[in-house]
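Dear colleague,

I am passing on the structure we spoke about, together with some notes on what I found in it. Please open it alongside this email, so that you can follow the residues by number as you read.

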Amino acid sequence: TRSKSTEISEGGGSVIYVKNNIQVEEESHHSAYDSTSVIIHTAIGKIMVGCFYRSPSLNDNQNSAFYDYFFQEASGNNQMEKILLGDFNCPDISWLSGNIIGPKNSIDNSIKVQQKFAEGIHEVGLSWLVTDEKTRRKKVGDTIQESTIDQIFLSEDSLSNNFKVFSPLGKSDHVSLIVDLNVMKIDHGHSSEIDD
């Protein structure tokens with residue numbers, strides 16, 4: 001298990017749980033706000049798994065630092081595939097297309113921040129798994145607000161083509177996403193499938 005507590009906002013942070021029978025190492029240079037990463041050893045080589053939380057309350061400098069780090073991780077070390085997932089707080093991106101819903105020249109700062117993220121995703125060539133599943137359900141008064149703000153990004157499409165949605169953990173208002181990986185783990189010199 002590798003976790004990092006929130007640094008910027010209350011309620012944020014990230015955690016990665018790894019089964020005991022999977023070879024894993026901490027990624028030592030990970031430094032994004034409210035994020036953590038590990039390197040998993042598989043039969044096809046090392047895979048970096050990063051879990052990110054981008055608070056909607058980050059200021060412009062913090063957003064720039066977050067995105068700079070995220071895209072550095074996404075495009076760096078071409079010898080290693082990457083799975084980058086988490087809560088990116090981008091409810092105005094349609095994940096059917098990967099584009100902003102509404103005008104691209106909006107003066108709304110939140111829309112501009114999300115537009116920069118969407119453009120970066122396309123630029124570095126990441127694919128994503130969550131398209132129309134609502135990943136957050138929050139009750140506000142008598143209304144249930146639903147949005148897709150959690151995402152699973154892949155540097156290589158063949159890493160996964162499936163995920164499962166489960167109930168939230170604890171008091172979270174986010175669903176749990178379990179990613180099925182199409183890779184084999186290293187098990188004392190032998191290869192076997194990595195479970196959920």
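Ile111 counts as buried, because its relative accessibility is 12% and the cut-off for buried is under 20%. Please bear in mind throughout that this is a predicted model. Ile111 sits in helix H2, which runs over residues 109–124, and, once its neighbours within four places in sequence are left aside, Ile111 is in contact with Asp92, Ile100, Pro103 and Ser106. Pro91 is 20 residues away from Ile111 in sequence, yet the two C-alpha atoms are 9.3 Å apart in space.

One of those contacts, Pro103, belongs to the loop between strand S8 (99–100) and H2. Pro103 counts as exposed, because its relative accessibility is 53% and exposed means over 50%. Between the C-alpha atoms of Pro103 and Gln115, which are 12 residues apart along the chain, the separation is 10.0 Å.

Turning to H2 as a whole, this helix has 16 residues and reaches 23 Å from its first C-alpha to its last, which is close to the 22 Å expected at 1.5 Å a residue. At its start, a side-chain oxygen of Asp108 comes to within 2.8 Å of the backbone nitrogen of Ser110, and just after the helix Gly125 takes a positive phi of about 80 degrees. The buried residues of H2 are Ile111, Val113, Gln114, Gln115, Phe117, Ala118, Gly120 and Ile121, and they pack against H1, strand S7 (93–94), S8, strand S9 (127–128) and S12. When you look along a helix, it may help to recall that an α-helix has 3.6 residues a turn, so residues three or four places apart point the same way.

The other helix to look at is H1, residues 60–75, whose 16 residues should span 22 Å at 1.5 Å a residue, and the distance of 22 Å between its end C-alpha atoms agrees with this. Asn59 caps the N-terminal end of H1, with a side-chain oxygen 3.0 Å from the backbone nitrogen of Asn61, while Asn77, which follows the helix, has a positive phi near 45 degrees. The buried residues of H1 include polar names such as Gln62, Asn63 and Glu73 as well as Phe66, Phe70 and Phe71. They are covered by elements that include strand S4 (36–42), strand S5 (45–53), strand S6 (81–87), H2 and strand S12 (150–154). Asn63 is one residue of H1 that I looked at separately: Asn63 is buried, with a relative accessible area of 5%, and, apart from neighbours within four places in sequence, it is in contact with Arg54, Leu58 and Val113.

Finally, there is the nonpolar interior. The largest nonpolar core has 25 residues, and those with the most contacts inside it are Phe70, Leu84, Phe88, Phe117, Ile121 and Phe153. S5, H1 and H2 are the elements that give two or more residues to this core, and H1 gives the most, with 6 residues. A second, separate core has 18 residues, including Val49, Ile152, Leu159 and Val179. As for Phe153, the residues that it touches, not counting those up to four places away in sequence, include Phe70, Leu84, Phe88, Trp95, Phe117 and Ile121.

With best wishes

Note on methods:
Residues are numbered from 1 along each chain as its sequence is written. This is a predicted model: local features need pLDDT of at least 70, side-chain atom pairs count only at pLDDT 80 or more; totals for chains, interfaces and linings use all residues. Side-chain values use heavy atoms; hydrogens and water are left out. Helices (H or I, at least four residues) and strands (E, at least two) are DSSP runs, numbered from the N terminus. Buried means under 20% relative accessible area, exposed over 50%, partly exposed in between (1.4 Å probe, protein chains only). Contact means heavy atoms within 4.5 Å. The expected span of a helix is 1.5 Å times one less than its number of residues. A polar contact is a pair of N or O atoms within 3.5 Å; within protein, one must be able to donate a hydrogen and the other to accept it, and residues adjacent in sequence count only if both atoms are side-chain atoms. A nonpolar core is a set of buried Ala, Val, Leu, Ile, Met, Phe, Trp, Tyr and Cys residues joined through side-chain atoms within 4.5 Å.
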